[in-house]
Amino acid sequence: MTATMKAGLTLMIEPEREKASDDVAQKPLKGAFYLRGNVAAPPRNFDELRALLTKKQKLDLDRGLGARSSVAIAEPSGGYDFIILAWPRHGREHDAVVIAFAGNEESLQHFAIAATPNDMAARKKRAGPDVAALEDKKVLIAGAGSVGGHVAVNLACSGTGTIRLQDSDTLSTANLVRHVSDKYGVGYKKVIAVSLMAQEHAPWVRIEPIADDLPHDPDALAASILGFDLVVDCTGVFSVSAALGEVCRRNNVPLIVGALFHQGALARVQRQAEGDTVIASRAANADYLTLPPEEPSDSSPGFLELGCTALVNNAPPVAVFSTAADIAHAAIDFLTGRMERPDERITVFRQMKAPFDRIGTFEPAISKEAQ
């Protein structure tokens, strides 16, 4: 379709010809573009739209509709076949409503073709039903890599009010295959790149990027996690996970640990909150499955990937995205107070030896008994 403006108001929309050899050109559709400077709420029907127009715009609309012959929608009528009402919402961004017509002045029908609300309320409505429960929550995410970055954006888009990101790494072009950021973040710290993506999708979120890793010292680590409703460990580094598990236990700070294993064949998401089994004691608990040991070939870093966690660097993107989504789901399940998930879930993406010889999820035996 091509469009031109005439006299500042009238739009002519001409369908592209299907064949260059057409002898007769199809008549263009004709309409009007009305710009208003202040619209408090988008119109819900044609009468509300008309009421928003200026006196001059109403007269122009009446003339255009009065010139219509009785034709179907999207057919040239000789008068106005459509109108567009637009108004500024965020700086140079505009919202718009497009109305198409059928029939003539005596049997006029109008159809809303497009509405594009950009206001914050509309965005939050699209964020889902958990916004009210999440908007006052504070979450600390350790690790802003391929897993942590997607977790951060998922939590932000779901309505989480404050997210602190901690990671000292810098985004490289090799990361882009799986990372939530785009090429414009390359060369910047991952926490900065993720922060920009999260706020682009969810402007209401407050991001606190800290371009440094969490400290291993227990006292310093304890000071770092206090005041948060939840800590999410996406580092995939055993020493960090172990330190967080113990310090969070001592300070009664809820923790979720998510990681990939065997180059993305397995993923495990663990929650340690009130009433949950302490993560450090699960290895000796028969209710919890033990992951198979990593093979030597699994832990060797790939070419030019020395900065990546060895166990994750070759995980397929779909495994990374699925794991990030499951971590975010576990976090939201806890933050909303639903607590419908068990405190541990293992996902098998590729079949391995028993008991992980089928694709799917595995949960602690105790959670199955409770069901």
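Here are three short exercises with worked solutions on a predicted model.

**Exercise 1.** Classify the ring pair formed by Phe46 and Phe101, and say which parts of the chain the pair ties together.

*Solution.* Let's start with the description itself: a pair of aromatic rings is given by the distance of the centres and the angle of the planes. The count here comes to two aromatic pairs. For Phe46 and Phe101, the centres are 5.9 Å apart and the planes stand at 90 degrees, so the pair is edge-to-face. Next, place the residues: Phe46 belongs to helix 1 (residues 46–51) and Phe101 to strand 5 (residues 93–102), so the pair ties together parts 55 residues apart in sequence. Both Phe46 and Phe101 are buried.

**Exercise 2.** Describe the surroundings of the Phe362 ring, taking in Phe356 and Arg358.

*Solution.* Begin with the ring partner: Phe356 and Phe362 make an edge-to-face pair, 5.3 Å centre to centre with 85 degrees between the planes. Then add the charge: the charged end of Arg358 sits over the ring of Phe362, 4.2 Å from its centre. Finally, check burial, for which the cut-off is under 20% relative accessible area. Phe356 has 1%, so Phe356 is buried; Phe362 has 9%, so Phe362 is buried too.

**Exercise 3.** Work out how strand 13 (residues 344–348) is covered and which strands pair with strand 13.

*Solution.* Take the faces in turn: Glu344, Ile346 and Val348 are buried on one side, and Arg345 and Thr347 on the other. Now the partners: strand 12 (residues 266–272) pairs with strand 13 in the antiparallel sense over five bridges, with Gln270 bridged to Glu344. Strand 14 (residues 360–362) also runs antiparallel to strand 13, joined by three bridges, and Thr347 stands opposite Thr361.

Definitions and conventions: Residues numbered from 1 in each chain as written. Predicted model: local features only at pLDDT ≥ 70, side-chain atom pairs only at ≥ 80, totals over all residues. Heavy atoms only, no water. Phe/Tyr/Trp six-rings, centres within 6.5 Å; stacked < 30°, edge-to-face > 60°. Helix = DSSP H or I, 4+ residues; strand = E, 2+ residues; numbered from the N terminus. Buried < 20%, exposed > 50% of the residue type's maximum accessible area, 1.4 Å probe, protein only. Lys NZ or Arg CZ within 6 Å of the ring centre and 35° of its normal. Pairing = 2+ DSSP bridges.
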